[in-house]
Each structure stands twice: as structure tokens, then as C-alpha cells.
Amino acid sequence: MKKKYILPNQNEERKRQKEISYESFPNYETITNLGEGKKYYLRTYGCQANVRDGESLSGMLEMMGFSNTDSEWDADVLIFNTCAVRQTAEERVFGEIGNLKRIKDKFPEKIIVMCGCMPQEEVVVQRILKNYPQVDLVFGTHNLYRFPELLKEVIEKKARVIEVLSEEGRVVEDIPVRRSLISKGFVNIMYGCDKFCTYCIVPYTRGKERSRKIEDIIKEIELLKANNYKEVILLGQNVNAYGKDLGVEDGFTDLLRQCAKTGIERIRFYTSHPRDYKVSTIEIMKEYPNIMKSLHLPVQSGNTNILKKMNRGYTREDYLALYDDMKARIPEITFTTDLIVGFPTETREEFEDTLSLVDHCQFDMAYSFVYSPRSGTPAANMEDNIKSEEKKERLQELNDKLAYYALNNNKAYVGKVLKVLCEGTSKTNKEVYTGYSEENKLVNFTGPNNIINEIVEVEITEAHSFSLNGKVIENK
Ligand code: SF4
């Protein structure tokens, strides 16, 4: 097999390009029949940014004539859209790709693709080259739009192709998309991250912050609205930094205002960073009813010394002041967060600061993790002096507290009526609908026929830690 390698040079990674070029998706008219009568299987790992990339991969494949299948054995092209955030998840991906060898041995014409964040690490590409000959195509996050061309090359030249770029100088618009949900549309507003938290690989795999132009974002939202989507979820690693790279001061507030004016029924956004939050953003959230009053605001630790070691760029006091200010301005706002326990050198007292911060904020939900080192990040070189048993105990203690507040907060909704966007029926019981309230509460409920993709009023009858039960108010 012919080989074509363009490998990332991680030493160059921090020498970022100054200029970002804005381009349109190439005209691939000549390859639109490549997948005629063929099927693809797509597995996406990780965060919502990856889910959105998965929608673009599906869109490009369907543009080429491929149709989707849930069976690896049935597929002509198998795509693994990977996540690099956790080392353990990476090993799982390698395990799964390793298992595909028996499919490839039996059906050598099947094409196996690895893309997403993992290939942005040079060590991953080297490992694929050395140990995984069954993988035919590898590309990264910066050249996703080139997928049709790369796939064509693999098919026509019977060549193994590896193209991973270390520079992230392009924002490509109008990539075909196959949406995974019927009522909620993910909309990227920016790519990459400049924060370099010491435990995180994302700035190395997704590149520097690049904002999409506001007119392109609004165009996408208007199209979703015209197609009867009720909710948009604006995505970025750090949405509050939107527009900084375009030289726009307070760009995220302005973007939110313009999104709200499109009249789409619901707007949410992930992920916020406490460091870049502005009062004007809180005021816009308050002003427009279609901007949901629920916020995911990762804190990671309640101790200033640990936050400094994490390079988070704020103190415990900064976070609490921001939280209190938001609660004062929008009393009904709900909060979720991310927490890491057992970061290198974290003492019992420092961990207790996290517990006391949780007591103060009483989060509605939190993603909590034991710290695990991620190679390629500065924290992986820090002395990790906390025993694994101790880390697990701290996580349990934290989770007990989080579950207590989650249930307590949810109990306050019993007897109340919430507006719920009905997304479909429950996976386990087709008689029960499921959806999210404005407060971002997962609600399982009963109701009349034909309400999928409608916003309905649901009376809450029961509360659990992570969901609510209820019934649609009839005649509404
Ligand atoms: S803000 Fe920090 S944790 Fe979030 S993506 Fe950027 S570097 Fe990673």
C-alpha cells in the first residue's frame, strides 16, 4: 500500500498562526457518487464538540452517497471519531480498533478510519503506524473538511493515508451535516482553546481559539429554526472568549443577543469559563426569555492553591463572587459544574474547600472525577502524592454531597409546572416521553400522542437526584 504521511510536529504546536482564513467547503461534485450503495458505521467518543464533528462526518458521507448502519460487520467504511481527554478512553479506542483486525482480515476491502482528537497527538499516529495496519485513513481535527478527498484517495489508490496537521489556520463553513437530534441543533461558535489548564490536552489537540463569523452562526441558527428545531446549543471550549480573536470586545454577549433575536425558542451554551465571564452576559441572559437560565460553569476545585496549580486563572473567591452575582441577578438560574478531586498535592484541607464550595453553590448536577494524569500535559509531570484509595474516598464523599443537593433541588419542583421540550420516548419505556425543562432538568413524563418536538407543560409529580417525573397538563 502506498503511504502518505503529514505528521503533526508538537514542538511547533505553540507557534500558532496569527491569521485565520475563512473558507467555504470545497466543491466535491466529482466525488458525490463514491458511496453509492455502500454503508458507513460511525462511532463518536467524547464531548459535544466531537458529537458535532460526527454530524459533519455523517453529512459528508451521505453527500458521497453512503447510508448509515449500526453494524460494524455491515459497513463498508468504519469511522472512529476519537476523544483524547482521558488516557483510559484512548486505550479503549485502541482496544476496539485492535478488535477490528478480525473484520479486516476477513473483509480486506472494508476501510477503517480514525479521526478526531487522538490523531492530533504524534505518539498516537506513531502507534497506529507501528501496530495497527488495519487502519486505512487517519486525519485530525484541523482538516475534517478534507475527509471526502482523503477517503477518495484511499478507495481509488488503495493507499493508506495519514494526514494530520499541526496548524489550525482555517475555519471552513457549509460542511454538510446530518443532525443527530430532531429538536436540538448543535452550533459551533468557536474552535480550540487558549487556556492551557495544566491537566488538559485540548489546547494541543484542538488548537488555538478561532471564532466563527457571527453572520455564519446566525445563518445556521435561522436554518435550524426554519427546519422546526426548537433549541440551539452553542458550542465552544470556552464560549465566553467568543470574538476575542476577531478583535471584538464582549463578543459573546453580542452573539447571544443576536441569537436571541432570531426568535429560536431556546438557546443554551457550553462551556463557560469563569475567567472570561462578563456582567453584560448575565444581563443579556436575564433580558431574553429564550436564553435558558441554566449554566454549566466548571469550577474544578474549591481551593485557590489547587486552582493556581491547575492554571485556571481565578480564585475560589472569584468563582463564589461570580456565582453570587448571577444568583442575585437571576434568582431562578440553575448551576451545574465540573469537579476534579485528588489533583497532585491536594491536601485534605484543600479538598475540604471543594466540599465547602459545593455547600455554598448547591449545584443541580456536577461531573466529578478523580484526577488521572494525561500524558502530554504539564500536570502529568507533577508529583502525584495522593494514594489512589484516598482519591476514591474523596470522590465518594463529594458525590454523596452532590447527590444530596441534586435531590434537594429537584424536590422543590414537585407540584410545579415546567415547560419541557419533548425529545422522544424513553429508551426503556415507549409509553413514557422524555425531554428537558428550561432549567435543564431531565423530565420523564406521560402525555397525549403527537407531542414529540413540542414544548409542553408538565406537572412534576416525583423527584429523583438526576431526573424528574411528571405528566402533561391536558388541554394545553
Ligand atoms: S478551558 Fe481548560 S479544561 Fe477547558 S478545554 Fe481549555 S484547557 Fe481544557
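**Exercise 1. The ligand shell**

Determine how the residues around the ligand divide by class in this predicted model.

Solution. Step 1: list the shell. The ligand is surrounded by Cys193, Lys195, Phe196, Cys197, Tyr199, Cys200, Val202, Pro203, Gln237, His273 and Arg312. Step 2: sort these residues by class. Seven of the shell residues are nonpolar, two are polar and two are charged.

**Exercise 2. A loop residue**

State where Thr377 is found, whether it is buried or exposed, and which residues it touches.

Solution. Step 1: Thr377 belongs to the loop between β17 (365-370) and α13. Step 2: its relative accessible area is 3%. Buried means under 20%, so Thr377 is buried. Step 3: leaving aside residues up to four places away in sequence, Thr377 touches Thr198, Tyr199, Cys200 and Ile201. Step 4: relate this to Exercise 1. Tyr199 and Cys200 also appear in the list of residues that surround the ligand.

**Exercise 3. Helix α12**

Compare the expected span of α12 with the distance between its end C-alpha atoms, then locate its buried residues and what covers them.

Solution. Step 1: helix α12 comprises 14 residues (residues 348-361), which at 1.5 Å a residue should span 20 Å. The end C-alpha atoms lie 20 Å apart, in agreement with this value. Step 2: the buried residues of α12 are Glu350, Phe351, Thr354, Leu355, Leu357, Val358 and Cys361. Step 3: viewed down the axis of α12, the buried residues fall within an arc of 160 degrees, so they line one face of the helix. Step 4: the elements covering these buried residues include α10 (304-309), α11 (316-329), β16 (334-341) and α13 (388-411). Step 5: Gln362 follows α12 and has a positive phi, near 45 degrees.

**Exercise 4. Helix α7**

Carry out the span test for α7 and identify its buried residues and their cover.

Solution. Step 1: the 13 residues of α7 (residues 214-226) should span 18 Å at 1.5 Å a residue, and the 18 Å between the end C-alpha atoms agrees. Step 2: Asp216, Ile217, Ile218, Glu220, Ile221 and Leu224 are buried in α7. Step 3: their cover includes two helices, α1 (48-63) and α8 (251-261), together with the strands β9 (170-173), β10 (184-188) and β13 (231-235). Step 4: just after α7, Asn228 adopts a positive phi of about 70 degrees.

**Exercise 5. The two sides of α4**

Which residues of helix α4 are buried, and which exposed residues does the opposite face carry?

Solution. Step 1: in α4 (residues 122-131), the buried residues are Val124, Val125 and Ile128. Step 2: these cover an arc of only 100 degrees around the axis, and are therefore on the same side of α4. Step 3: the face turned away from that buried side carries the exposed residues Val123 and Lys130. Step 4: the buried residues are covered by elements including α2 (87-99), β6 (111-116), β7 (137-139) and β8 (160-163).

**Exercise 6. A strand residue**

Describe the surroundings of Phe269.

Solution. Step 1: Phe269 is found in strand β14 (residues 266-270). Step 2: with a relative accessible area of 4%, Phe269 is buried. Step 3: apart from residues up to four places away in sequence, Phe269 touches Leu234, Val239, Phe252, Leu256, Tyr277, Met285, Ile291 and Leu295.

**Exercise 7. Confidence**

Assess the pLDDT of the chain.

Solution. Step 1: the chain averages a pLDDT of 92, and 96% of the residues score at least 70. Step 2: over residues 1-17, however, the pLDDT is below 50.

Methods
Residues are numbered from 1 along each chain as its sequence is written. This is a predicted model: local features need pLDDT of at least 70, side-chain atom pairs count only at pLDDT 80 or more; totals for chains, interfaces and linings use all residues. Side-chain values use heavy atoms; hydrogens and water are left out. pLDDT is the predictor's confidence in each residue, from 0 to 100. Contact means heavy atoms within 4.5 Å. A residue is near a molecule or strand if one of its heavy atoms lies within 4 Å of it. Ala, Val, Leu, Ile, Met, Phe, Trp, Tyr, Cys and Pro count as nonpolar, Asp, Glu, Lys and Arg as charged, and the others, Gly among them, as polar. Helices (H or I, at least four residues) and strands (E, at least two) are DSSP runs, numbered from the N terminus. The expected span of a helix is 1.5 Å times one less than its number of residues. Buried means under 20% relative accessible area, exposed over 50%, partly exposed in between (1.4 Å probe, protein chains only). The arc is that of the directions from the helix axis to the C-beta atoms.
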